[in-house]
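Here is a short set of exercises to work through with the model open beside you. Try each task before reading the solution.

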Amino acid sequence: MKAEIRPESYSKITQVIHWATAALIIAMVPLGLIMTRLPDDADPTALYRVHVALGLIVLLLTLARIIWRFLDPNPTPEPLTMPAWRRLVFRAVNAGLYGGLVLVVATGLAMLVGSGMVPVPPEVVPDQIDDIPPRTAHRVLAWVFVIIVVSHLAGVISYQLTKGGTLGRMLPRKAR
Ligand code: HEM
């Protein structure tokens, strides 16, 4: 059984995965929106392929984060002090971040596989993507995911401003 003594901060590996995933998501959303809304005379193929390649990296990072979470427990208490209702919201948003990412990536993959494509660049051809349910699901889930990410940011910022000490848990020690 794991010892009950847990660190105050997230581990280095967790921090690297967290910020790399955050940076990729910040790039993925505008990229997805731009590539699907280009004028008719522009070829979106390169952007689609970059979007898919980054999405596959996000998938690997998310799987690594989930596995790593079992091997390396999150700091406790999570986070610090908060009333029961807020802890519930915190846990729901965290679960939404993991679940949302997995679903967004899964529907992206399903859209390409369902259209008869190998879901890996350079096999991705925008014109050949069929109007199948995973396509709509990916578009809708991407927005749901953005709402979850914004909730996550709002929670962290409001906790940091009122009580402090939460952002530093995801930053390298020297930067605090
Ligand atoms: C972090 C993960 C991801 C995010 C945040 C994301 C986000 C988005 C967004 C915002 C759009 C535009 C939706 C719209 O038009 O309103 C989009 C479209 C698209 N995404 Fe993703 N995506 C992710 C992962 C993936 C993955 C892993 C794949 C494929 C393997 C993928 C394939 C696509 C494709 C093909 C489209 C174009 C859909 C169409 O033409 O209708 N995405 N994505």
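**Exercise 1. Place Ser115 in the fold and decide whether Ser115 is buried or exposed.**

Step 1: Ser115 sits in the loop between helix 3 and helix 4; helices here are DSSP runs (H or I, at least four residues), numbered from the N terminus, and strands are E runs of at least two.
Step 2: Its relative accessibility is 13%, so Ser115 counts as buried (buried is under 20% relative accessible area, exposed over 50%, partly exposed in between, with a 1.4 Å probe and protein chains only).
Step 3: Setting aside neighbours within four places in sequence, Ser115 is in contact with Gln128, Ile129, Asp130 and Ile132 (contact means heavy atoms within 4.5 Å).
Step 4: Pro122 lies in the loop between helix 3 and helix 4 too, and the peptide bond leading from Pro121 to Pro122 is cis, with omega near 5°.

Before going on, a word on the source: this is a predicted model, where local features need pLDDT of at least 70 and side-chain atom pairs count only at pLDDT 80 or more, while totals for chains, interfaces and linings use all residues. Residues are numbered from 1 along each chain as its sequence is written, and side-chain values use heavy atoms, with hydrogens and water left out.

**Exercise 2. Describe the overall build of the chain.**

Step 1: Count the elements: there are four helices and zero strands, in the order α-α-α-α along the sequence.
Step 2: Look at the extent: the C-alpha trace spans about 55 × 35 × 30 Å along its principal axes.
Step 3: Check burial: 34% of the 176 residues count as buried.
Step 4: Take the contacts between residues at least 6 apart in sequence; 72% of them join residues at least 24 apart.

**Exercise 3. Work out how helix 3 and helix 4 are arranged.**

Step 1: Their axes come within 8 Å and cross at roughly 150° (axes are lines fitted to C-alpha atoms, for helices over the stretch in contact, and angles run from 0 to 180 degrees between N-to-C directions).
Step 2: Helix 3 and helix 4 are therefore roughly antiparallel to each other (the term applies to angles over 145 degrees; under 35 is roughly parallel, 65 to 115 roughly perpendicular and the rest oblique).
Step 3: The residues of this contact divide into 15 nonpolar, ten polar and two charged.

**Exercise 4. Find the residues that touch the most other members of the largest nonpolar core.**

Step 1: Among its 15 residues, these are Leu24, Leu54, Val58, Leu101 and Phe145 (a nonpolar core is a set of buried Ala, Val, Leu, Ile, Met, Phe, Trp, Tyr and Cys residues joined through side-chain atoms within 4.5 Å).
Step 2: Helix 1 (12-35), helix 2 (45-71), helix 3 (84-114) and helix 4 (133-162) each give two or more residues to this core.
Step 3: Leu54 touches Leu24, Met28 and Leu31, not counting residues up to four places away in sequence.
Step 4: A second, separate core has eight residues, including Met35, Met111, Met117 and Val124.

**Exercise 5. Compare the settings of Gly108 and Val102 in helix 3.**

Step 1: Gly108, in helix 3, counts as buried at 16% relative accessibility.
Step 2: Val102, also in helix 3, is partly exposed, with a relative accessible area of 37%.
Step 3: Beyond its neighbours within four places in sequence, Val102 is in contact with Thr62 and Ile66.
Step 4: Val102 and Thr62 are 40 residues apart along the chain, and their C-alpha atoms are separated by 7.5 Å.

Note on methods
Ala, Val, Leu, Ile, Met, Phe, Trp, Tyr, Cys and Pro count as nonpolar, Asp, Glu, Lys and Arg as charged, and the others, Gly among them, as polar.
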